[in-house]
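Subject: Structure for your files

Hello,

Here is the structure I said I would send. My notes on it follow below.

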Amino acid sequence: MYLDLWGLVGGLVHWLMVDIVGTILDWLHLYALADWLGSPGVLQIVTILVVALIILIVGMLVSITLIWQERKMLGRFMDRVGTQVGPFGLFQNFADAFKVLVKEYIVPNAADRLIYPLAPILIIGVSMAMFVTIPYSQGFYMSDSDLSVILTLAMFGVIPFAVLLGGWASNNKYTLIGGMRAAAQTCAYEVPLLLSVASVVVLTGSLSLNDVVAYQQENVWMVVPLIIGFLVFIISMISEIERVPFDLPEAEAELVEGWGTEYGGMRFGLIMMSEYARAFVGSSLVALLFLGGWAGPTFGIIPEGLWFLLKMFLVFTIFIWARAALPRVRTDQILHICWKRLLPLAAINLFIAVFFKTMGWF
Amino acid sequence: MAEMWINMGPQHPMTHGLWNMRIKVDGETIVDAEPVIGYLHRGWEKMVEDRNYIQIIPMADRLCYGSSFTWSHVYCMAVEKLMDIEVPERAKYIRAMSDELQRIGNHLMWLAAIGTDLGNLTVFLYATRDRELFLDLFTALTGARMTYNYCRIGGVRNDSPANWVRDLERTLDYFEKRLKEYDMLIDQSKLFRMRMEGLGYMSPKDTINAGITGPVLRAAGVKQDLRHNDPYEIYDELDWHMCTHDGCDTWARYRVRMMEMQESVNIVRECLKKMPKDGPIRVKTPRTAPAGTAMARMEDPRGESLMYVVGDGTGKPYRLSVRSPLFVILSASDKLIKGSKIADVPSILGMLDVCMGETDR
């Protein structure tokens with residue numbers, strides 16, 4: 001069972017624009033305006049806008065749920081309760097948001113006036129734009145592009161560039177080093193990431209996330225034949241979304257707050273939020289590519305989106321677990337892990353995928 | 001990238017206290033370093049010259065927030081030597097026991113700090129959780145959590161309260177289990193070892209020449225522990241072994257401190273066994289000290305702490321000089337971090353267990 005988002009919103013928009021507003025306009029003898037509002041192009045544009053809004057709101061809600069989940073679970077891992085603001089600590093995010101909202105917006109004197117405000121816009125915008133390609137179920141998605149896997153990973157590739165710009169433009173030594181680290185680390189980890197995705201694409205024969213999930217529903221979850229690729233993908237993804245143990249760009253022990261040291265106020269809040277948005281997209285990719293997406297017993301009443309969210313939260317739990325148990329890795333060690341360990345593993349995984357495909361087992 | 005100087009401090013998460021490690025980096029590699037201290041200088045040694053001997057005890061507590069008891073202890077030992085006072089046997093045991101409890105508490109504070117330095121908050125919270133138990137023990141014994149004002153010239157202030165020994169034994173049993181947990185969390189974790197092994201190497205010869213003492217020296221394989229080499233109080237009557245490690249690196253320093261916590265538990269247990277069940281805990285002492293000099297030193301959790309007191313026949317010391325172990329270690333800290341990466345600075349310097357109160361005085 002799934003919600004057909006486009007059909008629902010399209011129907012609603014049609015009902016509103018043609019049946020309600022159109023009738024009123026007809027009654028006012030504004031026939032031309034009613035016709036224009038009811039034309040397919042206008043309906044299409046309004047539908048797209050409404051769907052985009054819904055996807056953005058849902059994505060943000062899931063992201064702040066991830067923040068809440070991390071606060072609570074990390075607290076349990078560390079033998080404490082976690083946040084307690086509101087019922088189950090659910091209001092902590094809102095308290096934080098209001099706090100950063102009233103903070104002063106400071107631009108350092110020596111900062112680059114053009115790039116300094118631009119970098120967070122780029123980071124936040126790109127992070128939110130990633131919601132576009134993530135399908136929650138067969139019907140609940142923004143775009144079902146044939147290249148949605150590539151599109152998502154390409155948007156991931158913009159982030160280190162923006163981080164480097166932000167760190168550089170702040171004109172601060174800590175932020176500069178943080179930005180450089182982000183660029184080096186994220187660029188390096190994109191190679192094993194893409195290789196492990198390539199193995200999935202080889203087996204499923206499609207670059208569309210919907211098709212990948214459909215293939216897994218019919219055959220087998222990709223985690224079974226490609227267990228190596230699954231592990232490589234998870235580790236690379238932790239690095240890609242810059243979380244412990246790979247949160248070098250904002251290593252707070254030695255670089256104060258890394259590349260984001262000079263950003264304060266709501267900019268900091270939104271950058272923080274966008275990190276969790278990327279964490280949501282990253283966990284979703286793991287769930288979609290390897291864990292069967294929304295595949296699961298629905299018994300006709302359980303929504304498919306629920307299965308997808310459940311798997312996504314489970315993957316994020318692994319991220320939280322890693323954060324609770326591991327220290328931060330050093331710059332040279334992180335590249336060492338990437339080039340000398342993950343890359344050969346990803347290559348082996350790709351060979352396995354090609355082997356399976358040529359043998360025709362999957 | 002061109003070489004540049006970076007200030008790590010005085011307001012920086014890496015510095016546990018108020019000091020500045022200036023490092024010159026070439027990319028991520030440190031090519032030069034320069035420790036700058038003195039931000040927390042309060043003129044302690046001058047202040048105590050205008051206070052009488054009993055008033056200095058709480059001042060000595062404030063030399064270090066982590067191990068305040070050992071500092072008042074070494075002060076009392078120095079003045080006792082000046083006044084030529086013999087401390088009762090039971091007081092000696094209580095002092096040694098408090099020393100070891102303080103060592104555990106201080107090492108737990110260090111462990112908490114090293115957790116955040118390495119980027120893991122779990123270690124921080126576990127260590128502070130366990131330190132709380134030892135602070136509770138001290139609260140029951142002395143009435144304060146951090147600055148105890150407990151040691152007295154000629155003994156200790158009061159005897160242990162009812163049920164304190166029972167609580168102590170329970171805490172030690174619990175803490176030994178927690179030590180195994182730390183072993184599983186840190187020692188057996190590949191990533192933690194990667195962040196510690198082979199860093200901050202300093203050969204035993206250099207370590208001795210730099211005047212470094214305490215766990216850092218023992219981590220270089222040198223058998224030097226004042227509890228063994230120059231026993232004070234009752235340490236010569238106890239059966240314990242010195243914790244050393246041959247690594248000379250950050251991992252060795254970590255291991256030595258962890259082993260010392262276990263050893264301190266054993267020492268406290270043995271003290272409980274051998275302690276006289278009753279007897280005086282304090283002797284009467286004169287208010288004035290004779291003219292002359294006296295020196296006392298002891299094994300602080302961070303190294304060899306020493307106090308040198310000059311009396312002039314009045315109720316106030318003419319001069320009281322402090323030898324802080326960390327002042328010496330920090331003087332050599334630039335040699336430890338040269339050649340390593342920026343990310344190693346917190347882990348190498350965190351292993352020294354920095355406390356600026358005693359360093360700057």
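Please keep in mind that this is a predicted model. I start with one helix pair. In chain A, the axes of helix H3 (residues 40-77) and helix H10 (residues 265-290) come within 9 Å and cross at roughly 100°. Angles of 65 to 115 degrees count as roughly perpendicular, and H3(A) and H10(A) are therefore roughly perpendicular to each other.

The residues that make this contact are as follows:

- from H3(A): A:Gly59, A:Val62, A:Ser63, A:Leu66 and A:Ile67
- from H10(A): A:Met273, A:Tyr276, A:Ala277, A:Ala279 and A:Phe280

By type, eight residues of the contact between H3(A) and H10(A) are nonpolar and two are polar, with no charged residue in the contact.

Now the chain as a whole. Chain A has 12 helices and zero strands, so expect no sheet when you read the pattern along the sequence: α-α-α-α-α-α-α-α-α-α-α-α.

On overall dimensions, the C-alpha trace of chain A spans about 70 × 65 × 40 Å along its principal axes. The radius of gyration of chain A is 22 Å, which agrees with the value near 21 Å for a compact globule of 362 residues.

Two further figures concern the packing. Of the 362 residues in chain A, 45% count as buried. Among contacts in chain A between residues at least 6 apart in sequence, 77% join residues at least 24 apart.

Regards

Terms used. Residues numbered from 1 in each chain as written. Chains lettered and ligands numbered in written order. Predicted model: local features only at pLDDT ≥ 70, side-chain atom pairs only at ≥ 80, totals over all residues. Axes fitted to C-alpha atoms, helices over the stretch in contact; angles between N-to-C directions. Helix = DSSP H or I, 4+ residues; strand = E, 2+ residues; numbered from the N terminus. Parallel < 35°, antiparallel > 145°, perpendicular 65-115°, else oblique. Contact = placed C-beta atoms within 7 Å. Nonpolar A, V, L, I, M, F, W, Y, C, P; charged D, E, K, R; others polar. Rg over C-alpha atoms; globule rule 2.2 N^0.38 Å. Buried ≥ 20, exposed ≤ 12 C-beta atoms within 10 Å, placed from the backbone.
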